[in-house]
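Biologist: I am new to this structure and would love a close look at one part of it. Could you take me through the sheet, strand by strand where you can?

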Amino acid sequence: MNTYIYGPKDDPYHSAPNWRLPYPDKEAAQLQELVAVANENEVDFVWAIHPGQDIKWNKEDRDLLLAKFEKMYQLGVRSFAVFFDDISGEGTNPQKQAELLNYIDEKFAQVKPDINQLVMCPTEYNKSWSNPNGNYLTTLGDKLNPSIQIMWTGDRVISDITRDGISWINERIKRPAYIWWNFPVSDYVRDHLLMGPVYGNGLDIKDDMSAFVSNPMERAEASKIALYSVADYAWNLEKYDSNVSWKRAIRDLMPNHAAYLETFAAHNSDLGENGHGFRRDESVALQPALKSLLAAYEKNGGMDEAAYKQVAEECDKIIVAADRLLASKESRELIEEIKPWLMQFKLIGEYGREVLKMVRLQKQGGQEFVAVHDHAQALQTLMYEVDATYNQNPYQPGVKGGSKYLLPTFNSLFETSTQRYNKAAGTTLDSRAVYMPYTLSSNVKQLALLPMRQKGKGGNVSPSKRGDYLAGRR
């Protein structure tokens, strides 16, 4: 791991309109210190600028950009990038972008004897956003100086990198792509943690890319599981083993509590439904037991005893793992980052344990079922409270865990056992296994993929873009 790209869009001196201005003394000193620490650790610090939203294709703006680069060079920066992503208007002109990058290359990068690299992020930075009838990418391929690297996220914004996909882009840009892999970044699924194995990228493409960089979560410590494996992958693609690397990463991050962290990470891997349609596997070792248990019970009330035992043991492991991690003195920065998810994780384990009791008691009848049912409902409420209280960001607020297999299975068992008990006992116990009472159905694909949330008496859909929303009230 020898490259760090600095390009946060909430840095006012990185993007429009203040990209033209030098950093104030305090911020300049902080960046200088960051560059020095990167150099000490043999990390190439790449400083990026994002001028495309309001750039004027004239000498004044060109000279201001070059002057900004010179200021950053004086702070110790030796690698530079120009981002043209997520913009509209005249700034998207590929001919003008190429002319500007070539000017920077010839008047700055090639003049300085110690500049390491010059990189650009194109406006069409993935295949799904590329105009099939346009010439944006081929213009960059034809016009950009060969030494300038071009970033690429894959077939989509969030996408694994495959041989076919990288061949497609390399043919157009006439150089190996500079891969910007958007994982484990979670700025579009902020209620989830992505702590599972790193997999999906080609193991035969090392000669087809000029670099491979990972976009992490905003939670630095929690991102280290994925980043460890990204380093493994980049070091030796052909021999990379995602599961072995994942387990090593967990041991490296938390050696004294690795088993507990692995239990947690195994059920906090998937992203949930999202607008990009990118998913990860989750609860891998428990999936067969969950499926078998549910299938047998839903079919005719039967019981797969081996599956039941395995799921029950996992619920106990979940509860213990959550407690041990929450109380651990090891890796406290990590624990503080993931604390709300650990709280939710323990509740999920307790909920699963009660639901399994319900399945047993349903056939027996009697008031004991009612007491366990009521406890399970209380745990649903507590899960809602955690979800509605913590991590209340404006975009995808809340705290989700075990959402791909674990919790859906427990919810299905809760519903089925309650309905069967009601039918047999003539009762009307609430069989809804949701602690968010709103659901969304839509024939608009983009809307149907978005998760629902509830706050107080209102319900809404987590937005796909800043400022977009769909809300309902009851």
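Modeller: Happily; what follows is a walk through the sheet, with a pause at one strand in its middle section and a word on cysteines at the end. This is a predicted model, in which local features need pLDDT of at least 70 and side-chain atom pairs count only at pLDDT 80 or more, while totals for chains, interfaces and linings use all residues. Residues are numbered from 1 along each chain as its sequence is written, and side-chain values use heavy atoms, with hydrogens and water left out.

Let us begin with the overall layout. The sheet is open and has seven strands, in the order S1-S2-S3-S4-S5-S6-S7, with parallel pairing. Strands here are DSSP runs of E with at least two residues, helices are runs of H or I with at least four, and both are numbered from the N terminus. Two strands count as paired if DSSP finds at least two bridges between them. The edges belong to S1 (3-6) and S7 (209-214); each has a single partner strand, so one side of each lacks a neighbour in the sheet. From one strand to the next, the twist averages 25°, an angle between N-to-C directions that runs from 0 to 180 degrees, with axes fitted as lines to C-alpha atoms.

At the S1 edge, four bridges join S1 in the parallel sense to S2, residues 44-49. There, Thr-3 has Asp-44 in S2 as its bridge partner.

Now for the strand I would like you to look at closely: S4, residues 117-121. Five of its five residues are buried, so S4 is largely enclosed by the rest of the structure. Buried means under 20% relative accessible area, exposed means over 50%, and partly exposed lies in between, using a 1.4 Å probe and protein chains only. Gln-117, Val-119 and Cys-121 point one way from S4, while Leu-118 and Met-120 point the other way.

S4 pairs with S3 (residues 79-83) in the parallel sense over five bridges, and Ser-79 stands opposite Gln-117. With S5 (residues 149-152), S4 forms two parallel bridges; here Met-120 faces Ile-150.

Helices link these strands too. S3, helix H3 (residues 94-109) and S4 make a right-handed β-α-β unit, as do S4, helix H4 (residues 136-143) and S5. Right-handed means that, with the strands pointing away from the viewer, the path from the first strand over the helix to the second runs clockwise.

Finally, Cys-121 is buried, at 9% relative accessible area, and Cys-315 is buried too, at 1%. Zero disulfides turn up in the whole structure, a disulfide being a pair of cysteine sulfur atoms within 2.5 Å.
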